[in-house]
Amino acid sequence: MGFTVYNSYSRQKEPFESIEAGVVRMYNCGPTVYNRQHIGNFRAFLFADVLRRWLEYQGYRVEQVMNITDVGHLTDDGDVDGGDKIEEQAKREKLDPRKIADGYATMFLEDIAQLGVREPKSYPRATEHIPEMLEIIEGLIEKGHAYEADGNVYFDVTSFDRYGQLSGNRLDDLVAGSRVEVREEKRHPADFALWKTDPHHLMKWKSRFGPDGFPGWHIECSAMAMKHLGRRLDIHTGGEDNIFPHHECEIAQTECFTGEPFARYWMHTKFLQVDGGKMAKSLGNTYSLDDIRERGFAIRDLRYALIRGHYRQPLNFTWDILAEARSAVEKLDDLVARLRRAAGGQGAAGEAEAGREVLAALRKKFEDGMNDDLNVPIALSALFELRSSVVEGELGQAVARDALEFVERADSVLAVLKMEEESLDERVEGLIGARNQARADKDWAESDRIRDLLLAEGILLEDTAEGTVWRKK
Ligand code: AMP
Ligand code: ZN
């Protein structure tokens, strides 16, 4: 079975074929850096990571770009109304908007690394691509797809036949449903802003439209995608809220500018819910990685909880669900431990034959699951079935090494097993270093505190002639 993906644009599953053989160019709509990213955002980013990892598992080289929105994303998510999210936060925190963006962007990069996300080719920032945006805007004006009115530049939605194709919105319905802002200067109420003028905006750039301009949110992604990946993408992703207006507008402006189709496959993650409902700051349930840790969970427990569902199904988060995720991860750790032990032994030849068949069937189940529009639940069930076979002694020792290799390959996509080991190593080594320093300083209280801290986590330190070594209890 080849890889098939659900394309939001055609509303059906399609066989995946990259434009250039062996290479996939993928753009992911990234964070707007006006606050700390929450577990809902992480669902969207982890989906992109698993997708990339699955493509790499299949042998593709993936050119992945995830942007950082640091200007122009208005509070109404459209293009005309509301304040700039970053500037509003800057006023709240009484800081420069660039400081706000930089601070939260750094936090985002730290969080995403802890979640085991493979680093994309780049994380471009909107404020660093203003000339590229203006170039597209000029091109659109030249071709009659955009017009200037009072320092603002709007995209003329009636100039693009396929406007509404992605979201299923019809222009008349948008107007009737008040999903667009009627403004005198706009030719059509659904026309969206590419460039805005506002002397009160704090981050602004000079252009021929005036001294106080800043870009619309949608044009940013078109400019960054084209700059870093070229005019045609294989895959473009985002959360379901990005479908309209953000991606609808990206398609319109990019395709009118280049005269070519923009992305082959549009993929969207359903929203994460918390306690069966919406996440909202006012409800206090927009959890960050710190909240997860404070409750005593590892970040890979969260990673598991966020990737374990199918990305097009709603996913719920509760602390109980996270606890279930933790025990699932423990079971997978146990699978690895059992296989490692068994891999040392010798099995009988007959046993190997039967075990190999079981393993081949499970590997196929895993791969078929992932190939079926990233059906992670099916893929995971293959690993749990493998564990049952191992526990019940059905697999046989002779196949343990192959099984271990399979689990490792599977985890190159899921990344719930290795990552903890890596980060644990680093953390423990760091603490041992701090303890050595305390010992050199004859600060015995601190040195004991660190030893006891690790002991409470089940990690035993031993001071040997070669230095301090550690092992799990
Ligand atoms: P933002 O920082 O608001 O620009 O959002 C960054 C990404 O997170 C976008 O792709 C959103 O669609 C996505 N996103 C926001 N909230 C959720 C949620 N509750 N579940 C899944 N994805 C989300
Ligand atoms: Zn975007």
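A polar side-chain atom of N41 lies 3.1 Å from an oxygen atom of ligand 1. This contact, taken from a predicted model, offers a starting point for a walk through the surroundings of the ligand. Two further residues make a similar approach through their side chains. In T32, a side-chain N or O atom is 2.7 Å from an oxygen atom of ligand 1. In N242, a side-chain N or O atom stands 3.0 Å from an oxygen atom of the ligand. Of the 500 Å² of accessible area that ligand 1 has on its own, the protein covers 92%.

The wider shell may now be considered. There are 19 residues around ligand 1, and those that come nearest are T32, G40, D241, N242 and L272. By class, the shell consists of ten polar, seven nonpolar and two charged residues. Two elements, helix α1 (39-57) and strand β10 (233-239), each contribute at least two residues to this shell. Helix α1 gives the most, with four residues.

The next step is from the ligand to the space that holds it. Ligand 1 takes up the second largest pocket, which has a volume of about 1,000 Å³. This pocket is lined by 45 residues, of which Y34, H38, N41, D241 and F271 are the closest to its centre. N41, whose side chain has a polar atom 3.1 Å from a ligand oxygen, is thus also one of the residues closest to the centre of the pocket. D241 likewise appears both among the residues that come nearest to ligand 1 and among those closest to the pocket centre.

Several elements build the lining of this pocket. At least two residues each come from α1, α2 (85-93), α6 (217-229), β10 and β12 (272-274). Helix α1 again gives the most, here with five residues. The lining comprises 23 polar, 14 nonpolar and eight charged residues.

A separate feature remains to be described. Across the whole structure, a search finds one cavity of 30 Å³ or more, and the largest cavity has a volume of about 100 Å³. Its lining is formed by R43, L46, F47, V50, T269, L306, I307, G309, Y311, L374 and V376. Of these residues, eight are nonpolar, two polar and one charged. Helices α1 and α9 (299-307) each supply at least two of them, and α1 gives the most, with four residues.

Helix α1 therefore links the parts of this account: it gives the most to the shell around ligand 1, to the lining of the second largest pocket and to the lining of the largest cavity.

Terms used:
Residues are numbered from 1 along each chain as its sequence is written. Chains are lettered from A and ligands numbered from 1 in the order in which they are written. This is a predicted model: local features need pLDDT of at least 70, side-chain atom pairs count only at pLDDT 80 or more; totals for chains, interfaces and linings use all residues. Side-chain values use heavy atoms; hydrogens and water are left out. A residue is near a molecule or strand if one of its heavy atoms lies within 4 Å of it. A polar contact is a pair of N or O atoms within 3.5 Å; within protein, one must be able to donate a hydrogen and the other to accept it, and residues adjacent in sequence count only if both atoms are side-chain atoms. Accessible areas come from the Shrake-Rupley method with a 1.4 Å probe; for residues, only the protein chains shown count as cover. On a 1 Å grid over the protein atoms alone, a cavity is a set of points where a 1.4 Å probe fits but cannot get out, and a pocket is an open set with protein on both sides within 12 Å along at least five of seven lines; lining residues have an atom within 4 Å of a point. A molecule sits in a cavity or pocket if more than half of its atoms lie within 2 Å of its grid points. Ala, Val, Leu, Ile, Met, Phe, Trp, Tyr, Cys and Pro count as nonpolar, Asp, Glu, Lys and Arg as charged, and the others, Gly among them, as polar. Grid points are joined across faces, edges and corners, and a volume is the space filled by probe spheres set on the points.
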